[in-house]
Amino acid sequence: MKKLMLTCATAALISTGAMAQSTVVTTTTGTGHAAVQIEPEYRARIRTYVTEHKIRPMESREKIVVGEPVPREVELEAVPADWGPSLAKYRYVYSGERVMLVDPSTRTVVQEID
């Protein structure tokens with residue numbers, strides 16, 4: 001019985017540790033939009049990627065903000081693999097020194113990485 005309890009406790013600790021290493025946490029705001037929280041390590045990776053690859057910021061007449069859709073004329077870029085596997089479903093836009101993470105199905109900005 002003790003061995004079974006120890007095994008269960010160990011499994012619970014291992015699964016909790018694995019969950020703590022995720023890249024993002026998605027929550028829903030009061031407006032119904034998904035809010036994506038990105039861990040600081042991955043925020044730094046994203047900023048480094050944009051700097052090292054000399055990504056040119058796009059120009060838009062409309063201001064791009066979290067919770068609002070990106071204009072149709074703005075091209076969404078695929079998220080690089082080194083940003084983490086949990087971000088692969090998103091696209092991004094680099095605008096005005098900010099990386100905006102976008103849900104491609106709705107074109108809604110879900111997070112700003114400054």
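Visitor: In which helix is the place of R43?
Guide: This is a predicted model, where local features need pLDDT (the predictor's confidence in each residue, from 0 to 100) of at least 70, side-chain atom pairs count only at pLDDT 80 or more, and totals for chains, interfaces and linings use all residues. Residues are numbered from 1 along each chain as its sequence is written, and side-chain values use heavy atoms, leaving out hydrogens and water. Helices (DSSP runs of H or I, at least four residues) and strands (E, at least two) are numbered from the N terminus. R43 belongs to helix α2.

Visitor: Is R43 buried or exposed?
Guide: Buried means under 20% relative accessible area, exposed over 50%, and partly exposed in between (1.4 Å probe, protein chains only). The relative accessibility of R43 is 16%, so R43 counts as buried.

Visitor: Which residues is R43 in contact with, leaving aside its neighbours within four places in sequence?
Guide: Contact means heavy atoms within 4.5 Å. On that basis, the partners of R43 are I38, Q111, E112, I113 and D114.

Visitor: Which strands does α2 touch, and what angle does its direction make with that of β6?
Guide: α2 packs on the sheet, with β4, β5 and β6 as the strands it touches. Axes are lines fitted to C-alpha atoms, for helices over the stretch in contact, and angles run from 0 to 180 degrees between N-to-C directions. For α2 and β6, the angle is about 90°.

Visitor: In what order do the strands of the open sheet stand?
Guide: Two strands pair if DSSP finds at least two bridges between them. Four strands form this sheet, and their pairing is antiparallel. The order is β3-β4-β5-β6.

Visitor: Which strands stand at the edges?
Guide: Each edge strand has a single partner, so one side of it is left without a neighbour in the sheet. These strands are β3 (77–78) and β6.

Visitor: How many bridges join β5 to β6?
Guide: The two strands run antiparallel. D103 has T108 as its bridge partner in β6, and M100 stands opposite E112. The number of bridges between β5 and β6 is five.

Visitor: How many residues of β5 are buried?
Guide: β5 also runs antiparallel to β4, with five bridges between them. Y94 stands opposite V99 there. β5 is mostly covered, and the buried share of its six residues is five.

Visitor: What phi does R107 have?
Guide: Most residues other than glycine have a negative phi. R107 is not a glycine, yet its phi is positive. It lies in the hairpin of β5 and β6, with four residues between the strands, and counts as buried at 9% relative accessibility. The phi of R107 is about 60°.

Visitor: Where is K54 found?
Guide: K54 is another residue that is not a glycine but has a positive phi, about 45°. K54 has a relative accessible area of 69%, so it is exposed. Its place is the loop between α2 and β3.

Visitor: Which element gives the most to the largest nonpolar core?
Guide: A nonpolar core is a set of buried Ala, Val, Leu, Ile, Met, Phe, Trp, Tyr and Cys residues joined through side-chain atoms within 4.5 Å. The largest one has 16 residues, and I38, W83, L87, V99 and L101 have the most contacts inside it. Two or more residues come from each of β2 (34–38), α2 (40–52), β4 (91–95), β5 (98–103) and β6 (108–113). With four residues, the top contributor is α2.

Visitor: How many residues are in the second core?
Guide: This core is separate, and I64, V74, L76 and V109 are among its members. Its residue count is eight.

Visitor: Over which residues does pLDDT stay under 50?
Guide: The mean pLDDT of the chain is 75, and 69% of its residues reach 70 or more. Where pLDDT is low, the predicted coordinates should not be read in detail. The model has 30 contacts beyond four places in sequence for the stretch under 50, which is residues 2–31.
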